[in-house]
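Here is a short report to read alongside the model. Keep the sequence and the 3D view open as you go.

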Amino acid sequence: MKQAYDVRTFFQYVIPSVLSFALSGVYTIVDGFFVGNSIGDWGLSAINIAYPVVAVIQALGTGIGMGGAIYYSIYKAEKKESQAREFTAGALWVLIIASILLTIWVFRLNGTLLKLLGANGELLSLGEEYIAVIASGAALQVVGTGLVPFIRNHGGSCYAMVSMIAGFVTNIILDYLFVWVLGQGIAGAAWATVIGQGVTMLIALAYLLRKRQFTLNIPFSNLGKVSASILKIGIAPFGLAMSPNISLIIINRFSISYGGEPAIAAYACIAYVICIIYLILQGVGDGSQPLLSQHYGEKNFDELKNTRKMAYGFAMFLSLIGCVIMYLTKGSLGVLFGASDFVNTEITKIMPVFLVSVPFVAILRITTASFYATEKSTFSYVLTFIEPLFMLVFMLILPPLFGGQIMIWWSTVFARILSALLAVILKSHADKKEIPCLQS
C-alpha cells in the first residue's frame with residue numbers, strides 16, 4: 001500500500017508538470033504554424049532566429065521561481081515557516097526587479113542581439129519586429145513563469161496546469177485573429193504570445209493570493225542573502241531551460257555558413273517539435289522537484305531515492321514515445337508549418353539523426369534536476385552547461401573534416417550522448433562519496 005501511495009503521489013505532481021511544460025513548448029509551435037502558413041520560410045526562420053531572446057525571458061522566470069520554491073520546500077519540510085515565507089517574498093522581489101531590467105535590456109539591444117544570433121537583411125527586419133513586441137511584455141512572462149514553481153510547491157500542480165492551458169488557449173485564439181484575420185504578421189504572433197503569458201500570470205497570481213501565500217514582506221537586511229541563495233540554485237534550472245536554445249543559437253550560426261536559410265528553416269520545424277519532448281522531460285524533473293526537496297529537507301533519503309528512480313523510468317518512457325511519434329510524422333512536419341517542398345524533404349532526411357539523442361537527454365535532464373532539487377549546485381551547473389560546450393567543439397571540428405551540414409546535425413547528437421555519459425559518471429562519483437541524496 002505504501003508503494004502504491006508513493007506512485008500515486010509522484011504522478012499527482014509530475015503529470016500536471018509534464019502537461020504544463022508541453023504547453024509552454026506548444027506556444028512557439030502555434031506562432032510558427034500561423035506565421036509559417038502566412039509568410040512562409042522567411043517567417044519560420046525569423047522566429048527561429050529570434051526565439052532564444054524569448055527563451056531567455058521565460059527561462060529567467062523559471063530559474064528565479066524554481067530557486068525560491070526549492071528553498072521554500074526545504075524550509076517548510078524542516079518546519080521553519082518564517083524562513084520559508086522569506087524565500088517566497090525574496091523570489092517575488094527578484095522576479096519584479098529582473099523583469100524591469102530585462103525589459104530595458106531587450107529594448108535597447110534588440111537589433112544587436114539578433115545580429116549576434118546571425119540575423120541579417122529580411123531576417124533581421126522580421127526578427128526586430130517580433131522581439132520589440134515580446135520585450136514590451138517581458139514582465140508578464142518573467143513573473144508568470146516564476147510563479148508556476150511556487151504553485152507546484154504549494155501542492156497546486158493541477159492549478160499550475162490550468163493556468164498554462166488558459167494562456168495557451170488565449171494564444172491560439174489571438175494568433176488566429178491577429179495573424180490570419182487581421183494580417184498583422186509576425187508582430188501579431190508576438191502580441192498573442194505576450195497576452196497569453198499575461199493570462200497565465202494573472203491566474204497564477206490569483207492562486208497565491210487566494211491561498212494567502214503571496215507576500216513581499218521580508219526584512220531588507222535579509223533580502224541580499226535570500227536573493228543570492230535563490231540565484232545560486234536558480235542558475236541550473238535557468239540553464240536547463242535555456243540549453244536547447246543555446247544549442248539553437250550554435251546550430252543556426254554554423255548552419256548559416258554551411259546550409260543557409262533552408263537549413264535554418266528545416267531545423268526550425270524540427271526544433272519546434274523536438275523541444276516539446278525536451279520540455280516534457282524537464283517537466284518530469286521539475287514535477288518531481290517538490291517531492292525531492294521535501295524528502296531532502298526531511299532527511300528521508302529512501303523516499304528521495306524512490307522518487308528519483310520513478311522519474312528516470314517515466315522520463316525514458318516518454319522519450320521513447322516521443323521518438324516514435326516524431327519518426328512516424330516526419331514526412332508531414334514541414335507541411336504543418338507551411339515550409340517549402342525542399343525544406344520538408346530535408347526534414348524527412350535528418351529527423352532520425354536527432355531522435356538518436358532523445359533518450360540520452362532524458363538521463364541528463366533528470367540527473368540535473370535531482371542535483372539542483374537537493375542543493376547540489378556544482379554538479380547541476382556542470383551538467384547544465386556542458387552540452388552546448390561539447391556541441392560547439394564538435395561543430396568546430398567535424399563539419400570541415402567530414403561533410404559540412406550533415407555533421408552539424410550529428411554534432412548535436414554526439415554532444416548530448418557525451419553529456420549523458422558525464423551525468424552517469426558524476427552520479428557514480430556521488431554514490432561513491434556516499435552523498436545521502438544521491439545514494440542508489
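## Ala420 and helix H15

Ala420 counts as buried, because its relative accessibility is 1% and the cut-off for buried is under 20%. The residue belongs to helix H15, which runs over residues 405–432. This is a predicted model.

What does Ala420 touch once its neighbours within four places in sequence are left aside? Its contacts are Phe360 and Ile363. Ser357 is 63 residues away from Ala420 in sequence. In space, their C-alpha atoms are 9.4 Å apart.

## Glu387 in helix H14

Is Glu387 buried or exposed? Glu387 is buried: its relative accessible area is 4%, and buried means under 20%. This residue sits in helix H14, residues 377–402.

The side chain of Glu387 makes a polar contact with the side chain of Ser247, at 3.3 Å. Ser247 also appears in the contact list of Glu387, which leaves out neighbours within four places in sequence. The other entries there are Ser243, Leu364, Ala415, Arg416 and Ser419.

## Ile233 in helix H8

Helix H8 covers residues 220–258 and includes Ile233. Ile233 counts as buried, because its relative accessibility is 1%. Setting aside neighbours within four places in sequence, Ile233 contacts Gly67, Ile70 and Tyr71. It also contacts Tyr372, Glu375, Ser377 and Tyr381.

How many Å separate the C-alpha atoms of Ile233 and Asn344? The separation is 41 Å. Along the chain, these two residues are 111 residues apart.

## Nonpolar cores

In soluble globular proteins, nonpolar side chains tend to be buried together. Here the largest nonpolar core has 132 residues. Those with the most contacts inside it are Leu114, Tyr130, Ile131, Ile274, Val284, Ile347 and Trp409. H9 supplies the largest share of this core, 21 residues.

Take Ile274 from that group. Not counting residues up to four places away in sequence, Ile274 touches Met326, Phe354, Leu355 and Val358. Another core lies apart from the largest one and has 6 residues. Among them are Phe379, Leu383, Ala423 and Leu426.

## Aromatic pairs

A pair of aromatic rings is described by the distance of the centres and the angle of the planes. The count in this model comes to 13 aromatic pairs. One of them is Phe10 with Phe11. Their ring centres are 5.2 Å apart and their planes meet at 80°, an edge-to-face arrangement. Phe10 counts as buried, at 1% relative accessibility. Phe11 counts as partly exposed, at 32%.

Phe371 and Phe379 form a tilted pair, because their planes are at 50° and tilted pairs fall between the stacked limit of 30 degrees and the edge-to-face limit of 60. Their ring centres are 5.1 Å apart. Both Phe371 and Phe379 are buried. Back at Phe10 and Phe11, there is a cluster to note: these two and Phe314 form one aromatic cluster.

## A charge over a ring

Which ring does the charged end of Lys330 sit over? It sits over the ring of Tyr327. The distance to the ring centre is 3.9 Å.

## Helix H5

Helix H5 spans residues 138–153, 16 residues in total. At 1.5 Å a residue, H5 should span 22 Å. Its end C-alpha atoms are 24 Å apart, which agrees.

H5 is mostly covered: 14 of its 16 residues are buried. Gly155 follows H5 and has a positive phi, near 85°.

## Positive phi in loops

Two lysines also deserve a look at the backbone. Lys79 is not a glycine, yet its phi is positive, near 65°. Lys79 lies in the loop between helix H2 (41–77) and helix H3 (81–116). Lys79 counts as exposed, because its relative accessibility is 70% and the cut-off for exposed is over 50%.

Where is Lys299? This residue is in the loop between helix H9 (260–298) and helix H10 (301–328). Lys299 has a positive phi of about 60°, although it is not a glycine.

Terms used. Residues are numbered from 1 along each chain as its sequence is written. Side-chain values use heavy atoms; hydrogens and water are left out. Helices (H or I, at least four residues) and strands (E, at least two) are DSSP runs, numbered from the N terminus. Buried means under 20% relative accessible area, exposed over 50%, partly exposed in between (1.4 Å probe, protein chains only). A polar contact is a pair of N or O atoms within 3.5 Å; within protein, one must be able to donate a hydrogen and the other to accept it, and residues adjacent in sequence count only if both atoms are side-chain atoms. Contact means heavy atoms within 4.5 Å. Rings of Phe, Tyr and Trp (its six-membered ring) pair if their centres lie within 6.5 Å; planes under 30 degrees apart count as stacked, over 60 as edge-to-face and the rest as tilted. A charge sits over a ring if NZ of Lys or CZ of Arg is within 6 Å of the ring centre and within 35 degrees of the ring normal. The expected span of a helix is 1.5 Å times one less than its number of residues. A nonpolar core is a set of buried Ala, Val, Leu, Ile, Met, Phe, Trp, Tyr and Cys residues joined through side-chain atoms within 4.5 Å.
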